Amino acid sequence: MRFGATGFGVTVRFALLAVVWGASFLFIKVGLAGLSPGQIALARVALGALALAAVLLVRRRPLPRDLVLWGHLAVVSVLLCVVPFLLFSWAEQYISSGLASIFNATTPLITMLLAAAALPEERFTPPRVLGLSLGFLGVLTIVGVWHGVDVSHQLTAQLACLGATTCYGACFVYMRRFVSPRGVDPVVVAFGQTGSATVILGLLAPVVAATPVHLDLAVVASMVALGVFGTGIAYVWNVRIIAAWGAANASAVTYLTPVVGVLLGVLVLGEPVSWNQPAGALLVVLGILAAHGRLRRRRPEPALVSR
């Protein structure tokens with residue numbers, strides 16, 4: 001029986017997806033030992049595009065010829081790859097990989113906020129307002145606002161992470177409005193966005209990726225894992241999980257990636273963790289659950305009365 005054809009295969013993919021996406025922040029931190037943030041972003045999208053191109057060749061999927069679609073994919077590549085990958089890579093020069101992974105978990109809430117503003121069908125409801133409020137409280141807890149606002153590289157880096165997740169949220173809203181209705185194969189979309197990002201970052205390389213490169217085995221292995229798996233193959237896994245379990249259940253990977261990110265940061269890099277970071281992450285996760293109505297008690301089924 002083919003791997004992935006059973007429920008067990010989907011579960012394995014889900015676990016691998018949580019590990020790979022959670023480890024992405026570790027790979028960025030390791031990559032910074034020999035590469036600049038711009039070089040990491042470029043390597044990530046280029047290797048991801050190569051992996052997805054291989055998948056398309058094996059499946060014999062043609063690329064779309066619609067120039068308007070490619071224009072939309074270029075916008076998607078900027079919002080989903082170019083800007084957030086640069087921001088996260090820059091931020092991890094000043095904050096831990098675990099903290100960056102925690103901020104990444106705010107993406108669903110920011111997406112919901114932007115969707116409510118841009119899409120009439122995504123209006124605010126009491127559960128969403130509760131979820132956004134819990135998420136906002138979680139972010140304030142992660143930042144540790146009771147220490148006062150100290151304008152430093154660390155605070156700027158945390159704001160950069162929130163800027164990256166805001167780009168993700170804007171991109172998901174944009175894709176829902178302009179890309180999803182076209183019914184394009186998700187793997188083709190993923191290749192289009194990573195390929196476009198590779199071209200854009202390649203053109204920007206003299207500005208953002210012109211510093212000296214210092215490669216060793218750890219840096220190279222991290223970039224391969226980040227690009228091929230974290231940015232390429234993981235997207236294919238995610239598409240198959242959504243097909244098998246549905247989008248709502250597949251999105252539960254969001255709850256696991258910060259756990260993986262923090263654990264790997266502590267175990268592999270010896271990063272410190274203050275109490276407010278996991279506490280804030282818990283509030284963010286509770287906010288996501290509340291926004292999706294998963295914290296409400298189910299009403300008990302009425303008892304059958306025999307007559």
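Is Ile241 buried or exposed, and what is its relative accessible area? Here is a short colleague's note, starting with that residue.

1. **Ground rules.** This is a predicted model, in which local features need pLDDT of at least 70, side-chain atom pairs count only at pLDDT 80 or more, and totals for chains, interfaces and linings use all residues. Residues are numbered from 1 along each chain as its sequence is written, and side-chain values use heavy atoms, with hydrogens and water left out.

2. **Ile241.** To answer the opening question, Ile241 is buried, with a relative accessible area of 0% (buried means under 20% relative accessible area, exposed over 50%, and partly exposed in between, with a 1.4 Å probe and protein chains only). Ile241 belongs to helix H9, residues 217–245; helices (H or I, at least four residues) and strands (E, at least two) are DSSP runs numbered from the N terminus. Leaving aside neighbours within four places in sequence, Ile241 is in contact with Val10, Arg13, Phe14, Leu17, Gly246 and Ala250, where contact means heavy atoms within 4.5 Å. Leu17 is a nice one to look at: its C-alpha is separated by 9.6 Å from that of Ile241, although the two are 224 residues apart along the chain.

3. **The chain as a whole.** You will find twelve helices and zero strands in the protein chain, so please don't go hunting for a sheet. Of its 307 residues, 48% count as buried. Among contacts with a separation of 6 or more, 88% are accounted for by residues 24 or more positions apart.

4. **Helix H4 and Thr165.** Helix H4 (residues 97–104) is largely enclosed by the rest of the structure, because eight of its eight residues are buried. Phe103 and Asn104 are among these buried residues, and both reappear in the contacts of Thr165. Thr165 lies in helix H7, residues 153–178, and counts as buried at 0% relative accessibility. Beyond its neighbours within four places in sequence, Thr165 also touches Phe88, Thr106, Thr107 and Ile110. From C-alpha to C-alpha, Thr165 and Phe103 are 7.7 Å apart, with their positions 62 residues apart in sequence.

5. **H5 against H6.** The axes of helix H5 (residues 107–118) and helix H6 (residues 126–143) come within 10 Å and cross at roughly 130°; axes are lines fitted to C-alpha atoms, for helices over the stretch in contact, and angles run from 0 to 180 degrees between N-to-C directions. That angle makes H5 oblique to H6 (under 35 degrees is roughly parallel, over 145 roughly antiparallel, 65 to 115 roughly perpendicular, and the rest oblique). On the H5 side, Leu109, Met112 and Leu113 meet Arg128, Gly131, Leu132 and Gly135 of H6. By class, this contact has four nonpolar, two polar and one charged residues (Ala, Val, Leu, Ile, Met, Phe, Trp, Tyr, Cys and Pro count as nonpolar, Asp, Glu, Lys and Arg as charged, and the others, Gly among them, as polar).

6. **Arg60, after H2.** Arg60 sits in the loop between helix H2 (37–59) and helix H3 (67–91). Its phi is positive, near 60°, in a residue other than glycine. Arg60 counts as exposed, at 76% relative accessibility.

7. **Ser196.** Finally, Ser196 lies in helix H8, residues 186–208, and is buried at a relative accessible area of 14%. Apart from neighbours within four places in sequence, Ser196 is in contact with Trp70, Leu73, Ala74, Ser77 and Phe191.
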